[in-house]
Structure formats: C-alpha cells, structure tokens
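Subject: Structure for your review

Dear colleague,

Please find below the structure I promised to pass on to you. My findings follow directly after it, and I would ask you to read them with the structure open.

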Amino acid sequence: MTPGGTPGAPGVVVVTGVSRYLGAHVAARLAADPRIGRVIGIDPPASGTELPDLPDLLERVETVRVDAGSIGGLLTDLDVAVVVHLALISGPDPQQGGRAAMKEQNVIGTMQLLAAAQRAPRLRKLVIRSSTAAYGASFRDPAVFTEETEPREVPRGGFGRDILDIEGYVRGFRRRRPEVIATVLRFAPFIGSTADTTLTRYFSQPVVPTVFGRDPRLQFLHFNDALEVLHRSIVEDHPGTYNVAGPGVLALSQAIRRAGRVAVPVLEPGLSGAAALARNLGFGRYGLDQVDLFVHGRVVDTGRLERKYGFTPRSTAVAFDDFIRAHRGGAVVTRDQLAAAERRVLEGIRQVRTAVREGS
C-alpha cells in the first residue's frame, strides 16, 4: 500500500473541467490507471474552451455535457464514488463574459456541485482544486504560510476571493457529510515545459515589466507534479487541506535573469494603476491577483504534503528551469525590441496617470 493509501480503488470517478488543460490531463491519466473502474469528464453544454488536442487525449474518457442543475441526477444515477473538481477560472476573460462569468463558474458552479455531491449516496471522496491565492499577498504577510495561517487581508483579486468562498463551501460540505473524505489542494502557480498560463506568458515576454523597488520571493509548481498529487489524492485517502508547491524560492529578479529576459522596472504609486498598466502593455488577463503576487510574493510550507503523501515535488528552481528550456528560443532581446518595449512602458504610464487625473 502506498503512503496514505487504503484497500480498494474508486469505481466511478467524475472529473469536472475536462475541456481545459488540467482537467483533460487528470482525466486521461486516471483512465490509463487499471485501478480506476470508470472515468467520466463533465463540462457545461457550451464551455467554449476546448483545446485542439483534447479529442485524442480524452479517447478513453467518457465525456458528458451537463448543466449545473442536472449534475445531482448524474452523480446519483452513475453511483459516483469520487468527484474531482477542477473547473475553475484563474483570470477573467473578456471574450467569455469577464469577471461576472468567472465568478459564476468558480463560486456558483462550485456551490451547485457541492449541493449535488451532498445528495450523492455512494460518494466517498471529494477532491477540490484550490490555490495559494487563498492567502492573499500583502506587506503584512508572514515569511511562510502554513495551512492554518489566516490571510492578513482579504485578497484584492477576484480569483483569491473566489478561492476563499469555495473553501468556505467545502467546510460546510464537510460538516454535512463527515463520512466523505474531502481533500483541498492549494496549488502554487503552475509552470513547466507544457504549462500555458498567465504566469508563463509573463516570463515568455522578451521584456518583463516589474514594480520598481520590489523583488518578491516566488514559488512555482511543476505541472507534472500537480498531476501526480491529484492522482494520489484520488487513489489514496488524504483528508484535509494541503499546500502544494515546489520547495525553495526564486526572487523575481532571479527568475527573469534565468529566463534570459530584460526587466523593465515601472515606478507607479498605486497597484490598481499597475494593473491598468499591465493591460496597456498587452497582458489582457493580468489582474490584481498577479500584480499583488509580483509585488509582495508568497511562500508556503509544504511539510504536511511531504509527510502525508510521501512525495516531494521538484523544487521551484528545477520547475522553472524546465520551463526555460522549453522556451529558450525566444530569449534573445534585440535593441529594437527593447526600445519598442520602453516606448510601450512610457505610453502605458502616461495613459494610467491620465486616467487617474480624470477620475479624481
């Protein structure tokens, strides 16, 4: 038996969010595990987020399009043993309804799923994707967050606030269904050779905007290690809440140098102005969650994960280096690119300051 494991394997596993990169890979990995009886991937009737390679990846996964109001019947009819909830949006997409749609899926969607899970008679395990964004990011933060640390301030970004709501609903579910094993995984930002996130796009730019005078400590998680922890959470029993991150830290300046990029410090008095500046620089989904992270940083303790799972993710530095190797071809910055980036930075500052003056 593996650490934390129990005899017997889950029969029917439901994975939400299989039209997205993480959900699709988790479902495919479960379908390839002979210990799993059946894997069903579910998504809303028209999620609009399908990736081109998903049909091949999900060849052995039964996919179902179902609206939130019908999930309860599906869980009961299929005698579902495990629900893995991965259908979260980490940043608002203007083309998909913006912040309103993001909150609808993250908060309302989770609430409806948990209500359905509460009525599922055969359910024995619930695995929830969460985030270290639950801790927020501010100048009052401790050096290291443990799972018991309360955020010093409510996160300013929408994703962080959504995570707090989601975890609140899970605590209510635990009280109502104490016999169900509930695992909450607070993931650090994903990185690696295959990850495509706001974070990887930020470091993939030839010129990286930073906030003048700040050099935050950062932690990353290799995408493959996230898959491993999720898989173990499903085939083993690990009740509770866990920080999941690569050991060690990288300062933002170190990460930019390792990536072969050029940092362009921006002197701006307000973080909301920095968010607007980021949008002017072309980072369309670069919001307050990311701005606060790149100003204050965030480091979490992963001792509980290592003890209970018997698994240590590869370090933050190793995970970041894997990302660099996959993107090495775009590391060279020409003089013209640097000059163009400087012009965009100055124009962005001008636009933000104009907007501030007009709004005051």
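In helix 12, which covers residues 316-326, the residues T316, A319, F320, D322, F323 and I324 are buried. Please bear in mind throughout that this is a predicted model.

The spacing of such residues along a helix can be read with one general rule. An α-helix has 3.6 residues a turn, so residues three or four places apart point the same way. Against what do the buried residues of helix 12 pack? Their partners are helix 6 (198-204) and helix 8 (252-258), together with strand 7 (190-191), strand 9 (217-218), strand 10 (221-222) and strand 12 (250-251).

The aromatic rings deserve separate attention. The count of aromatic pairs comes to 12. In one of them, the ring centres of F203 and F320 are 5.1 Å apart and the planes stand at 80°; because an angle over 60 degrees counts as edge-to-face, the pair is given that name. F203 belongs to helix 6 and F320 to helix 12, so this pair ties together parts that are 117 residues apart in sequence. F203 has a relative accessibility of 0% and therefore counts as buried. F320 is likewise buried, with a relative accessible area of 0%.

F320 also pairs with F220: the ring centres are 5.5 Å apart and the planes lie at 20°, so this pair is stacked. Since F220 sits in the loop between strand 9 and strand 10 while F320 is in helix 12, the pair ties together parts that are 100 residues apart in sequence. Both F220 and F320 are buried. These residues belong to one aromatic cluster, formed by Y202, F203, F220, F294, F320 and F323.

A second site concerns helix 5 (residues 158-176), where D162 is found. Is D162 buried or exposed? With a relative accessible area of 1%, D162 is buried. Its side chain is joined to that of R99 by a polar contact of 2.8 Å. Leaving aside residues up to four places away in sequence, D162 touches R99, M102, K103, N106 and V107.

Finally, some values for the whole protein chain. The chain has 13 helices and 13 strands, and 52% of its 360 residues count as buried. Of the contacts between residues at least 6 apart in sequence, 82% join residues at least 24 apart. The chain exposes about 16,000 Å², of which carbon and sulfur atoms supply 52%.

Yours sincerely

Key:
Residues are numbered from 1 along each chain as its sequence is written. This is a predicted model: local features need pLDDT of at least 70, side-chain atom pairs count only at pLDDT 80 or more; totals for chains, interfaces and linings use all residues. Side-chain values use heavy atoms; hydrogens and water are left out. Buried means under 20% relative accessible area, exposed over 50%, partly exposed in between (1.4 Å probe, protein chains only). Helices (H or I, at least four residues) and strands (E, at least two) are DSSP runs, numbered from the N terminus. Contact means heavy atoms within 4.5 Å. Rings of Phe, Tyr and Trp (its six-membered ring) pair if their centres lie within 6.5 Å; planes under 30 degrees apart count as stacked, over 60 as edge-to-face and the rest as tilted. Accessible areas come from the Shrake-Rupley method with a 1.4 Å probe; for residues, only the protein chains shown count as cover. A polar contact is a pair of N or O atoms within 3.5 Å; within protein, one must be able to donate a hydrogen and the other to accept it, and residues adjacent in sequence count only if both atoms are side-chain atoms.
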